[in-house]
Amino acid sequence: MYTSLLGKGYNISFCWIPGHIGIIGNEKADIAAKEARRITWPYVPLPDIDCILRSKVSRSWQEIWNTQTNNTLHFIQSLVGGFKPCNFNRYISVKLVRLRIGHTYFTHRYLLHSEPAPICQTCNTNFTVRHILSECEVSNNCRIRWFGKAHPQLHELLGDPPHFNLFSFVVEIGFMKVI
């Protein structure tokens with residue numbers, strides 16, 4: 001109300017009045033304060049309320065997340081709560097996030113240029129982060145060398161924490177500069 005009145009050009013001054021007697025608004029406020037003191041509410045410490053609310057929100061968020069089974073990030077992390085911080089520089093951290101959400105310049109640049117989606121000539125399928133990191137037959141030997149298997153799961157490579165050889169593999173297959 002104060003800012004509304006100021007906006008209309010009113011000049012408002014605040015002053016202390018030693019009693020509520022004779023001022024209708026103050027008398028009403030005094031009566032309301034006395035009535036509020038008669039209401040007895042059980043005391044619940046704020047940390048307890050905070051804990052309950054966080055738990056409820058987390059459960060609700062998890063229920064929604066559980067329905068996102070076609071979401072690329074859901075394959076990597078099935079539980080809500082976020083990833084633990086990695087000790088990467090910003091450049092590598094950004095690349096990791098792009099890989100986790102499945103959106104890289106290489107796999108999505110066709111949207112920017114109104115072109116058809118890129119197709120892997122060897123496998124005859126769309127290039128996706130999943131295809132590049134764990135499915136394409138061309139990189140099987142390289143995957144075996146860096147990960148110990150030809151077809152690792154995305155959660156093994158991009159999970160929490162990401163595979164320690166992930167970026168060595170990405171650099172070797174020439175994918176790092178187009179993430």
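**Close-up views of a predicted model**

**View 1. Pro161 sits in the loop that links H9 and H10.** The model shown here, and in every view that follows, is a predicted one. What kind of peptide bond runs from Asp160 to Pro161? This bond is cis, and its omega angle is near 0 degrees. To find your way around, look for helix H9 at residues 154-158 and helix H10 at residues 166-172.

**View 2. Helix H8 has a buried side.** Helix H8 covers residues 140-147, and its buried residues are Asn140, Cys142, Arg143 and Phe147. These residues lie on the same side of H8, because they cover an arc of only 155 degrees around the axis. Now turn to the other side of H8: are Asn141 and Arg145 buried or exposed? Both Asn141 and Arg145 are exposed there.

**View 3. Other helices help to cover H8.** Which helices cover the buried residues of H8? The cover includes H7 (129-135), together with H9 and H10. Just after H8 comes Gly148, with a positive phi near 85 degrees.

**View 4. Ser114 has a positive phi without being a glycine.** The phi angle of Ser114 is about 50 degrees. You can find Ser114 in the loop that runs between helix H6 (105-112) and strand S1 (119-120). Is Ser114 buried or exposed? Its relative accessibility is 71%, so Ser114 counts as exposed.

**View 5. Asn124 lies in the loop between the strands S1 and S2.** Strand S2 is made of residues 125-126. Asn124 is another residue other than glycine with a positive phi, here near 55 degrees. With a relative accessible area of 66%, Asn124 is exposed.

**View 6. Stepping back, the protein has ten helices and two strands.** Along the sequence, these elements follow the pattern α-α-α-α-α-α-β-β-α-α-α-α. The protein is more spread out than a compact globule, because its radius of gyration of 29 Å is well over the 16 Å that the globule rule gives for 179 residues. Taken along the principal axes, the C-alpha atoms fill a box of roughly 90 × 45 × 30 Å. Of the 179 residues, 25% are buried. Among contacts between residues at least 6 apart in sequence, 42% join residues at least 24 apart.

**View 7. The surface and the charges of the protein.** The accessible surface comes to about 13,200 Å², and 59% of it belongs to carbon and sulfur atoms. How many positive and negative charges does the protein have? There are 19 positive and 12 negative charges, and their mean positions are 4 Å apart.

Definitions and conventions. Residues numbered from 1 in each chain as written. Predicted model: local features only at pLDDT ≥ 70, side-chain atom pairs only at ≥ 80, totals over all residues. Heavy atoms only, no water. Helix = DSSP H or I, 4+ residues; strand = E, 2+ residues; numbered from the N terminus. Rg over C-alpha atoms; globule rule 2.2 N^0.38 Å. Buried < 20%, exposed > 50% of the residue type's maximum accessible area, 1.4 Å probe, protein only. Contact = heavy atoms within 4.5 Å. Areas by Shrake-Rupley, 256 points an atom, 1.4 Å probe, with all protein chains shown as cover. Lys, Arg positive; Asp, Glu negative; His and termini not counted. Charge placed at Lys NZ, Arg CZ, Asp CG, Glu CD. Arc of directions from axis to C-beta.
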